[in-house]
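Reader: I've got a few "how do you know" questions about cysteines and rings. Can we go through them with the model on screen?

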Amino acid sequence: MINKRHRLTLVSMSCLRVGHDELLARGMSLPGLARRASALAQLPPLGLLTIAATAPADWDIDLVSDDGRDDEADIVDRILHHRPDVVAFSCLTPAVDRAARISALVRRQRVSEKRIVTVVGGLHATAAPSHCEPHFDVVTSGDGEVTLPRLLSDIVAGQMQLRYSANGSYCLAKSPTPRWDLIGPDAPPRYTLQTMRGCPWACSFCAASRLLGLPRTKSNDQIERELAAITAMRQRPWIELADDNTFASDRDHGPMLDALRQCGARWFTESDWRIAERPDLLRQIAASGCRQILIGLESSVFRYRGMGAKTAAWQRMIDAVDVIQAAGIIVNACFIVGADGETPESIERLGDYLETASMGEVQLTLQTPFPGTSLYDSLKAAGRLLPGDFSRYTLFDVVYQPDQMTAEQLQNAFHDLVSRVFRDDVQRRRDKIQKSIRAIARTR
């Protein structure tokens, strides 16, 4: 007897979009932001590639990527080309409404007189499953390594449920090597590698710790296997660690850093400023090929509530930036604009500072209350969330009522700040800082 084959199409939804035409014209086309946007667009969908490796053997898998720019009907055509039995979407909050519309178009189709099942998973589905339920046949919450194989097995057995949840924290040491073969024959310019999941700090604006729990780490053997798979496709790869806070766990990071160094990788990650106060670890990070670290400084005006152990005096954090960059690692300093207490004047002062600041790169976003965060809960309870769908939750669009100004004032002040911080002469100054830091790295 020949076992029947089943087909699963995974759909990766990009969430990098901006709602305001003015901001696109004034800021997103500027060198610094354009460069980071391009880098993010090059990253393969690690989560989907990973859970694809958990599918039962009788399932064939295809991958469709949606960058948010193509017509939704065209994306549907690309999905249906694979004649799927199941279509599974992975998306963050700003892309979920587009995914819902595509799901509605897919659900109207039939393949061999059989209805296609649509599924959604990811952080938004975990945080707000009730928002997703009307638009998809199945909603999955939590770690996809747990929910996807259960769902696919149930579909084959005719026992499909409407909701699947990963109860408890999945042991990341069991996570499989991603299915890199699904991205096609051409090696991407950048790769992603997850070494840990979760974060201990529970910042009020971040959903990672609340939805993903305390840090869980992969084994050193797993990391070495994944690096071997990546370097088989590209020598000396550029890798972004898809970690919530790479050095926040209590693991011994030495073997992981040795593996990165030995494979010749150049890499980027997110951490917090406190690595500057661990000189032995910082030396290992620099020697392993780390080229840039995104560090959340959040605000030069006040410290955010809920920052936990990250909270410190401003000058202490700036001193940490200088120490990290002196080690040959560019700091991409992340600032959140618009928290309670912010005024047009405080935003202008931030612009004054960033025009001459020491960090090699800067990231600016508006405070955004994503579902699953305590910030979302508190603003919703206070009636301060502005009307509109989740497509506006882009990190660049005001979606709540500020406490010290109007929403329009905040949006305009952010526009002006982006124009100042990313104009050509200011970016050229940061480029020179980056060049000097890279020179330090080359001397190692």
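**Rings and cysteines**

Author: Sure. This is a predicted model, and it holds six aromatic pairs.

Reader: What makes Trp314 and Phe335 a tilted pair?

Author: Their ring centres are 6.2 Å apart, and the cut-off for pairing is within 6.5 Å. The planes sit at 50 degrees; stacked needs under 30 and edge-to-face over 60, so this pair is tilted.

Reader: Why say that this pair ties parts together?

Author: Because Trp314 is in helix H13 and Phe335 is in strand E15, parts that are 21 residues apart in sequence. Both residues are buried. Ring pairs also link Trp314 and Phe335 with Tyr353 into a cluster.

Reader: And what about Phe370 and Tyr393?

Author: That's another tilted pair, with 6.5 Å centre to centre and 50 degrees between the planes. Phe370 lies in the loop between E16 and H15, and Tyr393 in the loop between H15 and H16, so the pair ties together parts 23 residues apart in sequence.

Reader: Why is Tyr393 called buried?

Author: Its relative accessible area is 4%, and buried means under 20%, so Tyr393 qualifies.

Reader: How many disulfides are there?

Author: Zero.

Reader: How do you know that Cys132 isn't in one?

Author: The closest cysteine sulfur, in Cys91, is 6.7 Å from that of Cys132. A disulfide needs the sulfurs within 2.5 Å, so that's too far for a bond. Cys334 is in no disulfide either: the nearest cysteine sulfur, that of Cys206, is 11 Å away.

Reader: Is Cys334 buried or exposed?

Author: Buried, at 9% relative accessibility.

Conventions: Residues are numbered from 1 along each chain as its sequence is written. This is a predicted model: local features need pLDDT of at least 70, side-chain atom pairs count only at pLDDT 80 or more; totals for chains, interfaces and linings use all residues. Side-chain values use heavy atoms; hydrogens and water are left out. Buried means under 20% relative accessible area, exposed over 50%, partly exposed in between (1.4 Å probe, protein chains only). Helices (H or I, at least four residues) and strands (E, at least two) are DSSP runs, numbered from the N terminus.
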